[in-house]
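Trainee: I should like a close look at a single part of this model, with its surroundings and its place in the whole chain. Please give the cut-off of each term that you use.

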Amino acid sequence: MDSIQESAQTVPVAGDSEVLVCGGGPAGVAAAIAAARAGASTRLIEMHGALGGIWTIGAMAHVCGMHASKGGILREIQGTLKARGAVGLSERTFDVESTKLLLEELCLRAGVRVRLHTRVAGVVRAEANRLAAVVTESKSGREAWKARVIIDCTGDGDVAAFAGCGFDIGRPQSGETQPMSFIAIVGGIHLDQVRPYTHARVRAPGEEAACHKHRLRELLEEAGAPPSYSLPTLFHVREDLFILMSNHEYARSATNADDLTEATLRGRAEVHAQVRALRSLGGVWRGICIVATSAQIGVREGRRIHGRYTVTAQDLSGGARHPDAVSRCHFGVDVHATNPNQGKGITCEGAPGKPYDIPLRALIARDVDGLMMAGRCISGDFLAHSSYRVTADAVPMGEAAGRVAAVAAKSNRFPHEVAWQVHPVTLHPAT
Ligand SMILES: Cc1cc2nc3c(=O)[nH]c(=O)nc-3n(C[C@H](O)[C@H](O)[C@H](O)COP(=O)(O)OP(=O)(O)OC[C@H]3O[C@@H](n4cnc5c(N)ncnc54)[C@H](O)[C@@H]3O)c2cc1C
């Protein structure tokens, strides 16, 4: 490939905080709120114009893996949205716009300094095995941000990769990753009339759990728009507002801008064709329309950064327990087809799953000191990632990372030097 030499430049230091969180998705928002509430000066940098990551930018505001044992910031978000009338009947699907607003309010109230529209574009390494700063690009140009502890919540592990940390992507042999999905928010239909096709249907005795998805697929096929995802889902948000997940973009890399572009163009064309096809059926579908589409195609898998512990499929089959657990994961293996010729749905790949713990060590980078990860880019293998990537675990991971980062920064230690012992049942810090 042809190349060109850029001239070196001096970059202004735009900020210096105790904790710097990069990426404002479910994990990053929780990390920033927790660090600020623990008394650390905290900055959150996000490349898009809103917080929430896949919940908002990805338009897929639905929580999987919820369990009675999950508390903290996750419950706070869910409870506040419920009080504002911004959750669907399952109470696990959120109104996207209300979620954006609430996450901003929570961050600002906690004292987090938020910088939107700013993308992490590099790092500067210090002499010791740590980072001196993160470098960003935005309308303000190139800027550097110093911090004692940095938490990579970019989903794809961008900060850790720039820092030279080791990582894995996809299946161990082939590198195949789960497909991306382009999401649409749809309106113009009413729950009373389309309930059997939605996530909010009442299950008849003996009815298969996914029957509403099969019904929707058959309807789309009948209408002449067979979906690339064989289990298309309409998530109920309000009586006349739904989230439609019906697209799969196979064999695309989260770290390749051409792939992301092609997947976005194809995904948008497909969901528009699906909605047009449903509208052409008339009847209860005659008014269906797209209200919004995701600002960024939903990426299920990017880099899994090497940490001081790697969560594996064996942890799931054995129901691993750890004294430094940050979340007990209740969601099983959930692999969206990596090869459309072998099915276009979801499988658990025969991997048995029991509730298992994610230890703090999986959130601490192995190769660089003072760097943590939270959310889907933590240290794990392909199958384990397909389970712990869900938001009922991303938020507690972020919350724990934020607290540990605050303690480390304030006591001038590295995160791996902070003791994190939890009560074995509640998983709340024991000290
Ligand atoms: C299509 C789809 C459907 C899903 N369905 C569900 C579901 O129903 N329930 C569920 O619980 N989970 C679901 N998931 C999984 C879940 O949404 C994600 O795994 C979860 O959002 C991970 O949270 P995160 O904060 O680690 O990453 P993300 O939500 O991806 O957030 C990362 C954030 O970092 C920002 N960012 C990235 N790179 C940079 C950079 N270089 N500089 C600055 N900012 C950056 C992004 O803009 C984003 O805001 C789904 C995922 C997808 C893709």
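Mentor: The account below begins with one helix, moves to its surroundings and ends with the whole chain.

The model is a predicted one, in which local features require pLDDT of at least 70 and side-chain atom pairs count only at pLDDT 80 or more, while totals for chains, interfaces and linings use all residues. Numbering starts from 1 along each chain, following the sequence as written.

The part chosen is helix 1, which comprises the twelve residues 26-37. Helices (H or I, at least four residues) and strands (E, at least two) are DSSP runs, numbered from the N terminus. From its first C-alpha to its last, helix 1 reaches 17 Å, close to the 16 Å expected at 1.5 Å a residue; the expected span is 1.5 Å times one less than the number of residues. G39 follows helix 1 and has a positive phi, near 95 degrees.

Helix 1 is mostly covered, with eleven of its twelve residues buried. A residue is called buried if 20 or more other C-beta atoms, placed from the backbone, lie within 10 Å of its own, exposed if 12 or fewer do, and partly exposed in between. The buried residues of helix 1 are P26, A27, G28, V29, A30, A31, A32, I33, A34, A35 and A36. Their cover includes strand 1 (13-22), strand 2 (42-45) and strand 6 (141-152). Helix 2 (72-83), helix 3 (96-110) and helix 10 (391-410) are also among the covering elements.

Helix 1 also has a place beside the ligand. The ligand is surrounded by 39 residues, and the closest are G23, G25, G53, G298 and G375; a residue is near a molecule if its C-beta atom, placed from the backbone, lies within 6 Å of it. Helix 1, strand 4 (119-125) and helix 10 are the elements that give two or more residues to this shell. By class, the shell has 17 nonpolar, 15 polar and seven charged residues. Here Ala, Val, Leu, Ile, Met, Phe, Trp, Tyr, Cys and Pro count as nonpolar, Asp, Glu, Lys and Arg as charged, and the others, Gly among them, as polar.

Helix 10, which helps to cover helix 1, is followed by a segment that holds V418 and W420. V418 is partly exposed because 19 other C-beta atoms lie within 10 Å, whereas W420 counts as buried because it has 23 C-beta neighbours inside 10 Å. Leaving aside residues up to four places away in sequence, V418 touches V404, V407, A408 and R413; a contact requires C-beta atoms, placed from the backbone, within 7 Å. W420 and V326 are 94 residues apart along the chain, and their C-alpha atoms are separated by 8.8 Å.

In the wider setting, an automatic or database domain assignment divides the chain into domain 1 (13-172 + 301-417) and domain 2 (184-293). Their C-alpha centres lie 28 Å apart, and 20 residues of domain 1 contact 19 residues of domain 2.

The protein chain contains ten helices and 17 strands. Its radius of gyration is 21 Å, close to the 22 Å that the globule rule gives for 431 residues, so the chain is as compact as a globular protein of that length; the radius is taken over C-alpha atoms, and the rule is 2.2 Å times the number of residues to the power 0.38. Buried residues make up 52% of the 431 residues.

Note on methods:
Contact = placed C-beta atoms within 7 Å.
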